[in-house]
Amino acid sequence: MNAPLEKTGKIMLVGLGPGSSEHLTARARAAIAEADTVIGYATYLRLVADLVKGKEIIRKSMTEELDRAIEALERARQGRKVALISSGDAGIYGMAGPTFEVLFQAGWTPDSGIEVEIVPGASALNTCAALVGAPLTHDFCAISLSDLLTPWPTIARRLDAVAYADFVVALYNPKSGRRTRQIVEAQRLFLRHRHPQTPVAIVKSGYRPKQSIELTTLERMNECDIGMLSTVLIGNSKTFIQHGLMVTPRGYANKYAVEAGESITRDGEQAGRSLSTGLEGWMASIQASDKSAAELAVEYRLPEDYIAAVLAAGRPAEGEAAGVEN
């Protein structure tokens, strides 16, 4: 039977950001100062060594996430304030998930038991992006290549789907001493859908003393130095590298032309309204088309049953195609 949870302790799930002191949030710094006990992976503890002096320190290895959460719960049951630290953000491949799993299994609820606070920090996704330019200014996603807890077919399906859908992608945990094949297979899947010259940035130990940055292409990325401390950013079909900076356009060129320092709306487009090829405009155009659902599915790379449903729904009401923003 689970031991009772008392309302005396506190668990603070602290995201350290990239690890440099200037990128540690004020709340993260205060949470560590407030804590009686600090628990974390040894590498992360070294990043905040000057902030944890005089506190109880519990070091765990990389694969002992559940043990860290259990230790945090036990200390909190004793009435202690615990800072359970993660690099980046505790809720992005960090300690928030396993901690809540342990807490729920112990019978914890938000209004009973131990107080829990999540202290956000900048993740590798956006800190590494900041070092290479602006690669995430359009739709993006993150995928971990670690198959320690996730079956490879699940990871492969996700890689294939986002490569096909033209997302900018951040690959976490791309390679380790034992896991060397996963990044090769990720490249193989991406090359099925992306041009070999697609820009790629590889940031290792971002904002730490051994930081390194390599700008390369999809076809050559596995020639670079990639390890567990690396984040791999793969651009989409519009991403470019210029003057050593990786940039993904937001799409302003679809609506505006910049001439003589002024932005001019392109023919058929209106400021503050959806593109003429936005949802309503697109629906109207395919409704007016004499093409079949199968032909349209090939043209737009969309499921045929979805196209058929749109066609069956009928044309938008007059005025809807303008897509006015409210």
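In the predicted model, Thr231 touches Ala124, Cys128, Ala170, Leu171, Ala201, Ile202 and Val203, residues up to four places away in sequence being left aside. Thr231 itself is found in strand S11, which covers residues 230-234. With a relative accessibility of 5%, Thr231 falls below the 20% limit and therefore counts as buried. Two of the residues touched by Thr231, Ala124 and Cys128, belong to helix H5, which covers residues 124-132. The buried residues of H5 are Leu125, Thr127, Cys128, Ala129 and Val132; Cys128 is thus listed both as a buried residue of H5 and as a contact of Thr231. Helix H5 is followed by Gly133, whose phi is positive, near 135°.

A second buried position was examined in strand S4, where Leu84 lies. The relative accessible area of Leu84 is 0%, and the residue is accordingly classed as buried. When residues up to four places away in sequence are not counted, Leu84 touches Met12, Leu13, Val14, Ile39, Arg68, Ala69, Ala72, Met95 and Thr99. A separation of 9.5 Å was computed between the C-alpha atoms of Leu84 and Ile58, which are 26 residues apart along the chain.

At the level of the whole chain, the model comprises ten helices and 15 strands. The C-alpha atoms fill a box of roughly 70 × 45 × 45 Å along the principal axes. Of the 326 residues, 41% count as buried, and the chain exposes about 17500 Å², of which carbon and sulfur atoms supply 52%. Among contacts between residues at least 6 apart in sequence, 64% join residues at least 24 apart. The chain carries 35 positive and 38 negative charges, and the mean positions of the two sets are 8 Å apart.

The UniProt record, an unreviewed entry, places the feature "domain: Tetrapyrrole methylase" at residues 10-220. In the model this span is 33% helix and 24% strand, and its end C-alpha atoms lie 48 Å apart. Thr231, in strand S11 (residues 230-234), lies outside the annotated residues 10-220.

Aromatic contacts were considered next. A pair of aromatic rings is described by the distance of the centres and the angle of the planes. The structure holds seven aromatic pairs. In one of them, the rings of Tyr93 and Tyr172 have centres 4.7 Å apart and planes at 50°, so the arrangement is tilted. This pair links distant parts of the chain, with Tyr93 in the loop between strand S4 (81-86) and helix H4 (96-105) and Tyr172 in strand S8, 79 residues apart. The two residues are classed separately by accessibility: Tyr93 is partly exposed, with a relative accessible area of 46%, whereas Tyr172 is buried, at 9%.

Trp282 and Tyr306 form a stacked aromatic pair, with 6.3 Å from centre to centre and 10° between the planes. This pair likewise links distant parts of the chain, Trp282 being located in helix H8 (residues 279-288) and Tyr306 in helix H10, 24 residues apart. Trp282 counts as buried at 12% relative accessibility, while Tyr306, at 37%, counts as partly exposed. In addition, Phe100, Phe104 and Trp108 form one aromatic cluster.

Backbone geometry was also examined. Most residues other than glycine have a negative phi. Asn173, which is not a glycine, has a positive phi of about 45°. Asn173 lies in the loop between strand S8 (168-172) and helix H7 (182-191). Strand S8 also holds Tyr172, the partner of Tyr93 in the tilted pair. A positive phi, near 55°, is likewise found for Arg301, again a residue other than glycine. Arg301 lies in the loop between helix H9 (293-300) and helix H10 (304-313). At 47% relative accessibility, Arg301 lies between the limits of 20% and 50% and therefore counts as partly exposed. Helix H10, which follows this loop, contains Tyr306 of the stacked pair.

Definitions and conventions. Residues numbered from 1 in each chain as written. Predicted model: local features only at pLDDT ≥ 70, side-chain atom pairs only at ≥ 80, totals over all residues. Heavy atoms only, no water. Helix = DSSP H or I, 4+ residues; strand = E, 2+ residues; numbered from the N terminus. Buried < 20%, exposed > 50% of the residue type's maximum accessible area, 1.4 Å probe, protein only. Contact = heavy atoms within 4.5 Å. Areas by Shrake-Rupley, 256 points an atom, 1.4 Å probe, with all protein chains shown as cover. Lys, Arg positive; Asp, Glu negative; His and termini not counted. Charge placed at Lys NZ, Arg CZ, Asp CG, Glu CD. UniProt positions renumbered as here; feature names shortened; annotations may be inferred. Phe/Tyr/Trp six-rings, centres within 6.5 Å; stacked < 30°, edge-to-face > 60°.
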